[in-house]
Amino acid sequence: MRKLNIGFNNPKLAFLQKDIRQGGIFYGWDFSFTYGVFRNSIQIAASLLQSPLFDISRPNYLNFGGMGSSIGHEITHSFDELGKLINKFGNIENWWDRETVTNYDLRKKCMINQYSSFYSNATRLNIKGEQTLSENIADNGGLKLTQRAYKEWVQFHGEEDGLPGLNYAPSQLFWIAAAQIWCAVHRLDSLRYHITKGFHSPPEFRLKGSFANNEEFAKDFMCELGTKMNPVDKCSIW
Ligand SMILES: [Zn+2]
């Protein structure tokens, strides 16, 4: 299937392609999502419009959880460390007012510290919270956006059925679908490379961080406050 845009000029993607050539992290799907900051647009490979991310014939909680959180991720990039410097026309401009910048700076510190505290047992390395900040902002914001969008969709279209054989509510299946996109395998040396040089946190921590910061997740799975996936101190930027 022809790709709409694989964004070879995007420096972030160029890194990723290099990473894959070196035997990087392999997901269950092709990693062809990009946000073009100078065009303020997102690009999605047409080949991604299939399972596990999207399928027209399956319940929508799976589509919002899979494709929705990926689209939300790319949209949120327009409000990250780079997006804040470039306006909607693709021109360099500080387009936020002072209050927004102050609040953003305060909240981003929370996220930097949180992700820096994540420890990869396999590599014995901590995640680099500063280096991965923009991607973590996009993961957190994108997940929140798509969960709200799904709730709104349900208000208009009604509650969907669950899945046969699985004793989960549709609201829980949304989270399971969103988590499924982070299933990945990797070699130890490429994971080490990914943590040291990458702009993305490893998949395990992309999931842990964005889910643990989301109050709706804790509610839907009845996680007790103060547990790992429902910490008292959550970080939220958007
Ligand atoms: Zn991203």
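The following exchange asks how some descriptions of this predicted model are reached.

Reader: What kind of model is this, and how are its residues numbered?

Author: This is a predicted model, in which local features need pLDDT of at least 70 and side-chain atom pairs count only at pLDDT 80 or more, while totals for chains, interfaces and linings use all residues. Residues are numbered from 1 along each chain as its sequence is written.

Reader: Why are K108, M111, Q114 and Y115 of α3 said to line one face of the helix?

Author: A residue is buried if 20 or more other C-beta atoms lie within 10 Å of its own, exposed if 12 or fewer, and partly exposed in between, with C-beta atoms placed from the backbone. The buried residues of α3 are K108, M111, Q114 and Y115. Seen down the axis of α3, these buried residues fall within an arc of 115°, the arc being that of the directions from the helix axis to the C-beta atoms, and so they line one face. The face turned away from them carries the exposed residues R98, E99, T102, D105 and L106.

Reader: How do you know that the length of α3 agrees with its number of residues?

Author: The expected span is 1.5 Å times one less than the number of residues; the 19 residues of α3 (98-116) should therefore span 27 Å, and the end C-alpha atoms are 27 Å apart, which agrees.

Reader: What makes β2 and β3 a pair?

Author: Two strands pair if DSSP finds at least two bridges between them, and β2 (residues 33-36) and β3 (residues 41-44) are joined in the antiparallel sense over four bridges. T34 stands opposite Q43 in β3.

Note on methods. Helix = DSSP H or I, 4+ residues; strand = E, 2+ residues; numbered from the N terminus.
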